[in-house]
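Me: I'm new to reading protein models and would love a close look at one part of this one. Please pick a single spot, show me what surrounds it, and then work outwards from there.

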Amino acid sequence: MPKFLIWVAALAALIALPHGLSFSQQEILVFLTINVLLVASYRLLTLTGEWSLGHVVIMGVGAYSSALLTKKLGVYVPVSMLLGGVIAALIAVLLSFPLFRMKGFYFLIGSFAAGEIIRLLWKRFRDPFGGAKGIKGIDPMPDFSVGFYQFDFFEPTSYYYFASAVVAVCLWILWRIEKSPVGLTFHAVHWQDKLAQASGVNVRAYRTLAFAIASGFAGISGALLAHYIGTISPNAFDIDLMVYVLTWAIVGGTATFYGPILGCVVLTVVNEIVLRELGLEQMRPLIYGAIMILSILFLPNGLESIVQKFTQRRAAGGAPERSPAE
């Protein structure tokens, strides 16, 4: 089947998907769409070889920023979402000064500490952050019509279409960045940082750039979440969610662009369909931990390696055989 027809079929399936689901499943679909952007943005940071434990808090920076811009200053919601991403990127640039004095494990712990400081500030100051209870009554996305469809953003189906469009544009930008010379430099900084530095590459500047870009898109995902659920609190962006993001990335694999997205989708389906049906939701952390350990032991390259093997076999099976004379 031509690639064009495959893309058309995939688009049609995504459009029709929410209409075959219950209301609660439609809401899960919205959260899944937002989480896809979150984990895809996280992968961009890992291209430079750094793994952060503060990415979910940066998502919260975007959520809080967008919520405050609409509540305090009356900024139009779509504009506040973009500004939430910009503010998250700027916070990442500020954090990069102390954090990128560290590498590897020390960066991991430092990012966790920085994230906890931000969360404690949200809890400490009731004005403007709402303290431990957070911010409630966040302005929703305003309804609008495109002629053939009326977008009512209190309905999960409408918000799913809106979030999907935003996430699709963001994913395309992330993909283009990775395929650009900047993205190739990110890979060089990861695998050959000494050689890249000797070639004139400012390693710290490129790590900061990756951190800022990844944080900007995480901020947009946080803004999408805030204006959908209408309330946010510091506990919504704690280490528990960060562990899930890590699990999605590791189980899916980070060698390809689609790996973490695949991990996010598969584990969300496992959690929301399998575990919920079996009544094992309370055991999710235990089961996620077991899945991560088994993945590291038996599938170290993640779920993406299964897809790669399948496509390679199909390509080999479809390749014409050559005669010995050739």
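Reply:
**A residue and its surroundings**

Leaving out residues up to four places away in sequence, Ile177 touches Leu44, Val182, Gly183, Phe186 and Ile213; contact here means heavy atoms within 4.5 Å. Before going on, please note that this is a predicted model: local features need pLDDT of at least 70, side-chain atom pairs count only at pLDDT 80 or more, and totals for chains, interfaces and linings use all residues. Residues are numbered from 1 along each chain as its sequence is written, and side-chain values use heavy atoms, with hydrogens and water left out.

You will find Ile177 in helix H7. A helix is a DSSP run of H or I with at least four residues, numbered from the N terminus. Ile177 counts as buried because its relative accessibility is 18%; buried means under 20% relative accessible area, exposed over 50%, and partly exposed in between (1.4 Å probe, protein chains only). One of its partners comes from far along the chain: Ile177 and Leu44 are 133 residues apart in sequence, but their C-alpha atoms are separated by 9.0 Å.

**Along to Ala40**

Now turn to Ala40, a residue of helix H2. With a relative accessible area of 6%, Ala40 is buried too. Again setting aside residues up to four places away, Ala40 touches Leu171, Leu174 and Ile261. Try also finding Leu303 on your screen: 263 residues separate Leu303 from Ala40 along the chain, and their C-alpha atoms are 15 Å apart.

**The pockets**

Two of those partners lead us to the largest pocket, which has a volume of about 1900 Å³. Its lining has 42 residues, and the closest to the centre are Ala10, Leu14, Tyr160, Leu171 and Ile261. On a 1 Å grid over the protein atoms alone, a pocket is an open set of points where a 1.4 Å probe fits, with protein on both sides within 12 Å along at least five of seven lines; lining residues have an atom within 4 Å of a point. Points are joined across faces, edges and corners, and the volume is the space filled by probe spheres set on them. Four helices each supply at least two lining residues to the largest pocket: H1 (3-16), H2 (23-46), H7 (156-179) and H12 (259-278). So the helix that holds Ile177 and the helix that holds Ala40 both appear in that list.

The second largest pocket, at about 480 Å³, is lined by 21 residues, with Phe31, Asn35, Leu241, Trp248 and Arg284 nearest its centre. Two or more lining residues come from each of H2, H10 (203-229), H11 (239-252), H12 and H13 (284-298). H2 gives the most to this lining, with 5 residues.

**Rings that pair up**

Phe31 also belongs to a cluster: ring pairs link Phe31, Phe151, Phe153, Tyr159, Phe162 and Tyr228. Rings of Phe, Tyr and Trp (its six-membered ring) pair if their centres lie within 6.5 Å; planes under 30 degrees apart are stacked, over 60 edge-to-face, and the rest tilted. By this rule there are 17 aromatic pairs. One of them is the edge-to-face pair of Tyr42 and Trp51, 5.9 Å centre to centre with 75° between the planes. Tyr42 is buried because its relative accessible area is 0%, whereas Trp51 counts as partly exposed at 28%. Within the cluster, Phe153 and Tyr159 also meet edge-to-face, at 6.0 Å centre to centre and 85° between the planes. Both Phe153 and Tyr159 are buried.

**Further stops**

Ala88 sits in helix H4 (residues 77-99) and is buried because its relative accessible area is 0%. Apart from neighbours within four places, Ala88 is in contact with Ile58, Val61, Gly62, Ser215 and Gly219. Ala88 and Ala212 are 124 residues apart in sequence, with 7.8 Å between their C-alpha atoms.

Lys71, in helix H3 (residues 55-73), is partly exposed at 39% relative accessibility. Not counting residues up to four places away, Lys71 touches Ile135, Lys136, Gly137, Ile138 and Asp139. Lys71 and Ile135 are 64 residues apart along the chain and 9.5 Å apart from C-alpha to C-alpha.

Finally, have a look at the peptide bond from Asp127 to Pro128, which is cis, with omega near 15°. Pro128 lies in helix H6 (residues 126-129).
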